[in-house]
Amino acid sequence: MHCYTEGTMQVAERLSGYPEFHLTLIRNSRRPANMKEDPIHGTMLILGATLLRYIVVAGIPFLLFYVLLYKQTGHLKIQQRRAGRKDFLREIRHSLQSTLVFTLMGSLILFTPFRHYTRVYDHLTDYPAWYLPLSVVLALLVHDTYFYWMHRALHHPKLFALTHALHHKSTNPSPWTSYSFHILESFAEALVLLPIVWLIPMHPLGIALFMLSSFVINVYGHLGYEIMPRWFRHTVLFKIFNTSVFHNFHHSKFKGNYGLYLRFWDRLMNTEHPGYEKEYDRVQEQRFVNRKISQ
Ligand SMILES: [Zn+2]
Ligand SMILES: [Zn+2]
């Protein structure tokens, strides 16, 4: 690379007689494409990735559990009713709108001067290799706390009708429900990125991995089926993590089970639905007695 650069410079000097001018051109042409310097390109990239994430991560489980395998698995749904085409279309429409809001927030953080007020870092080598996955876990923990309190606020009667009622139109959720929010709730959901980039040094790749893992867990919560293996119930993990039954219960009962990833805040604040564990056992019994979905 060194020799190539020197050779190119000599050719430029010979050809032009104005070495400095050509050296500047060469330096500029060799500068890597930087998204920070091309916010439109960067924003389009985020939009594409966010759309793709929604279509693939929600679409594949929907295709499997609601179309291809429905005859074999339909009777194992957490709620026996099946949401209709009208519900799916409404959920997809609002989810696409949320996708735009999340893109705007990502763009604000990465491509505007706002970035100077965050702890976003540019080079993966700025931190040891293990820090990237750790930053994603820390971001999920911040999100869990943010979501619990935001969610409880949105259940306040004065805010509920204006914002969160739209998400609760889906009393029997499916993967498409995962991002189905009123636009005001979409902004409230996307705002979580601010405490994350203020508190935690995050590389853009870490932010992308956080958004991806968060959405995968979100789709699991709205899946309409429980897919946890049988042994999960008998470990301490069951007491720590939410399940699909946990969030499904929130959609069918409206009250209780406000948490996103962990049971921590609901247990601490005494907001966990008292029938949750019984309902979990009922769903798993129905599933493992029939043995239609493999462990
Ligand atoms: Zn709710
Ligand atoms: Zn939900």
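This presentation describes the helices, the cores and one buried residue of a predicted model.

Good morning, colleagues. I shall begin with the overall architecture. The protein contains 14 helices and zero strands. Read from the N terminus on, its elements therefore form an uninterrupted series of α entries, namely α-α-α-α-α-α-α-α-α-α-α-α-α-α, under the helix assignment used here. The protein has 295 residues, of which 31% count as buried. As for the contacts between residues at least 6 apart in sequence, 71% join residues at least 24 apart.

I turn now to helix packing, with α5 as the point of reference. Helix α5 spans residues 85-111, and it packs with helix α8, residues 183-190, at an angle of about 40°. The axes of these two helices are 9 Å apart, and their crossing is right-handed. On the α5 side, the contact is made by Q97, S98, V101, F102 and M105; on the α8 side, it is made by I183, S186, F187 and A190. In terms of residue character, this contact of α5 with α8 comprises six nonpolar, three polar and no charged residues.

The next pair is α3 and α5. Helix α3 covers residues 39-68, and its axis comes within 9 Å of that of α5, with a crossing of roughly 145°. The crossing of α3 and α5 is right-handed. Helix α3 contributes P39, G42, T43, I46, L47, T50, L51 and Y54 to the contact. From α5 come S95, T99, F102, T103, G106, S107, L110 and F111. Here the division is eight nonpolar, eight polar and no charged residues. I would draw your attention to F102 of α5, which is listed in the contact with α8 and also in the contact with α3.

Let us proceed to the nonpolar cores. Which residues have the most contacts inside the largest nonpolar core? They are L223, Y225 and V245, in a core of 19 residues. At least two residues of this core are supplied by each of α3, α10 (204-221), α12 and α14 (276-290). The largest share, four residues, comes from α3. Setting aside residues up to four places away in sequence, V245 touches I78, E226, E279, Y280 and V283. There is also a second, separate core of 18 residues, which includes V192, M202, I207 and F210.

V245 leads us to helix α12. Why is α12 described as largely enclosed by the rest of the structure? The reason is that eight of its ten residues are buried. Those residues are S244, V245, F246, H247, N248, F249, H250 and H251. After α12 comes F254, which has a positive phi, near 70°.

Finally, I consider one residue of this helix in detail. F246 is found in α12, which runs over residues 244-253. Is F246 buried or exposed? F246 counts as buried, because it has 23 C-beta neighbours inside 10 Å, and the threshold for burial is 20 or more. Which residues does F246 contact, leaving aside its neighbours within four places in sequence? They are N257 and Y276. With respect to G221, F246 lies 25 residues away in sequence, and the C-alpha to C-alpha distance between them is 7.6 Å.

That concludes the presentation. Thank you for your attention.

Methods
Residues are numbered from 1 along each chain as its sequence is written. Chains are lettered from A and ligands numbered from 1 in the order in which they are written. This is a predicted model: local features need pLDDT of at least 70, side-chain atom pairs count only at pLDDT 80 or more; totals for chains, interfaces and linings use all residues. Axes are lines fitted to C-alpha atoms, for helices over the stretch in contact, and angles run from 0 to 180 degrees between N-to-C directions. A crossing is left-handed if the near helix is turned anticlockwise from the far one by less than a right angle, and right-handed if clockwise. Two residues are in contact if their C-beta atoms, placed from the backbone, lie within 7 Å. Ala, Val, Leu, Ile, Met, Phe, Trp, Tyr, Cys and Pro count as nonpolar, Asp, Glu, Lys and Arg as charged, and the others, Gly among them, as polar. A residue is buried if 20 or more other C-beta atoms lie within 10 Å of its own, exposed if 12 or fewer, and partly exposed in between; C-beta atoms are placed from the backbone. A nonpolar core is a set of buried Ala, Val, Leu, Ile, Met, Phe, Trp, Tyr and Cys residues joined through C-beta atoms within 7 Å.
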